Amino acid sequence: MAEVRLAEFVADHLRRDWAPGRVDCLLTLADWMVWRGMPDAAPHLRGSYETEDGFREIIAAHGGAIPLVASCARRIGLRGASEPTEGCIAIIGSRTNIQKQFGAIRDGQTWRVRFADAFPAIRAAPLAIWDI
C-alpha cells in the first residue's frame, strides 16, 4: 500500500518545479508526511530560503541535515528508528560532509531522493531514520 502511495506521491511531486524553500530534498520529506495525513513538520522552513546557498546555510546552521530533520520530526512526535521500513524517511549520504546529505523516502528496497529534475531510487545506508 505504501509503495502505491509513494509512486503517486513521486509522480505528483515531480510536477512541481524545484525551488529551494518550497520544493527541495528536505522539504520533500515534510510533503510526504502531509501526503500521508500527518501535520506539516516544517512550516517554519517553508519560504525561509530561496536559493541553493540559502538551503546550504539552513543545513549548516542546524549542524547538518540529520539534526535539522530530527528537529522537524520532533515537532510532530516522530521517533527515530534503527531499521528502515517501507515509507519511512531518512537522511542518506556523507557522514562527514553535511552538504552531501539528502532527505530520502524508503520505497521498500531503495531510497527515493528528490532532485531538481528527478526522484531516483538509490541504494544507500541510512545515516538516520524516522518511522512515519
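**Exercise 1. Helix H3**

Determine which residues of helix H3 (residues 52-61) are buried and how they are arranged about the helix axis.

*Solution.* Step 1. Buried means under 20% relative accessible area, exposed over 50%, and partly exposed in between, with a 1.4 Å probe and protein chains only. Helices (H or I, at least four residues) and strands (E, at least two) are DSSP runs, numbered from the N terminus. The structure is a predicted model, in which local features need pLDDT of at least 70 and side-chain atom pairs count only at pLDDT 80 or more, whereas totals for chains, interfaces and linings use all residues. Residues are numbered from 1 along each chain as its sequence is written, and side-chain values use heavy atoms, with hydrogens and water left out.

Step 2. In H3, the residues that qualify as buried are Gly-54, Phe-55, Ile-58 and Ile-59. Viewed down the axis of H3, these buried residues fall within an arc of 140 degrees (taken from the directions from the helix axis to the C-beta atoms), so they line one face of the helix.

Step 3. An α-helix has 3.6 residues a turn, so residues three or four places apart point the same way.

Step 4. Glu-57 and Ala-61 are exposed on the other side of H3. The cover over the buried residues of H3 includes helix H4 (65-75), where contact means heavy atoms within 4.5 Å. Just after H3, Gly-63 has a positive phi of about 80 degrees.

**Exercise 2. Helix H4**

List the buried residues of H4 and state which elements are included in their cover.

*Solution.* Step 1. Ala-65, Leu-68, Val-69, Ala-70, Ser-71, Cys-72 and Ala-73 are the buried residues of H4.

Step 2. Their cover includes H2, H3, E2, E3 and E6.

Step 3. Gly-77, just after H4, takes a positive phi of about 85 degrees.

**Exercise 3. The sheet**

Establish the order of the strands, identify those at the edges, and describe how H4 packs on the sheet.

*Solution.* Step 1. Two strands pair if DSSP finds at least two bridges between them. Six strands make up an open sheet with antiparallel pairing, in the order E1-E6-E2-E3-E4-E5.

Step 2. Strand E1 (80-81) and strand E5 (121-122) are at the edges with a single partner strand each, so one side of each has no neighbour in the sheet.

Step 3. H4 packs on the sheet and touches strand E2 (89-93), E3 and strand E6 (126-130). The direction of H4 makes about 5 degrees with that of E6; the axes are lines fitted to C-alpha atoms, for helices over the stretch in contact, and angles run from 0 to 180 degrees between N-to-C directions.

Step 4. E2 and E3 are antiparallel and joined by five bridges; here Ala-90 has Ala-104 of E3 as its bridge partner. Four bridges, also antiparallel, pair E2 with E6, and Ile-91 stands opposite Ala-128 in E6. Strand E3 (residues 101-106) is joined to strand E4 (residues 111-112) by two bridges, with Arg-106 opposite Trp-111 in E4.

**Exercise 4. Salt bridges**

Find the partners of Asp-12 and Asp-31, and give the accessibility of the residues involved.

*Solution.* Step 1. A salt bridge is a side-chain nitrogen of Lys or Arg within 4 Å of a carboxyl oxygen of Asp or Glu. By this rule there are six salt bridges.

Step 2. Asp-12 pairs with Arg-15, their closest N and O atoms being 3.6 Å apart, and with Arg-16, for which that separation is 3.2 Å. Asp-12 is partly exposed at 23% relative accessibility, Arg-16 is partly exposed at 32%, and Arg-15 is exposed at 64%.

Step 3. Asp-31 pairs with Arg-46, with the closest N and O atoms 2.7 Å apart. Arg-46 lies in the loop between helix H2 (27-35) and H3, and Asp-31 in helix H2, so the pair ties together parts 15 residues apart in sequence. Asp-31 is buried at 10%, whereas Arg-46 is partly exposed at 28%.

Step 4. A network of salt bridges links Asp-12, Arg-15, Arg-16, Asp-31, Asp-40 and Arg-46.

**Exercise 5. The nonpolar core**

Describe the largest nonpolar core and identify the element that gives the largest share of it.

*Solution.* Step 1. A nonpolar core is a set of buried Ala, Val, Leu, Ile, Met, Phe, Trp, Tyr and Cys residues joined through side-chain atoms within 4.5 Å.

Step 2. The largest such core has 38 residues, and Leu-26, Ile-89, Ile-91, Ile-105 and Trp-130 have the most contacts inside it. Two or more residues each come from helix H1 (2-13), H2, H3, H4, E2, E3 and E6. H4 gives the largest share, six residues.
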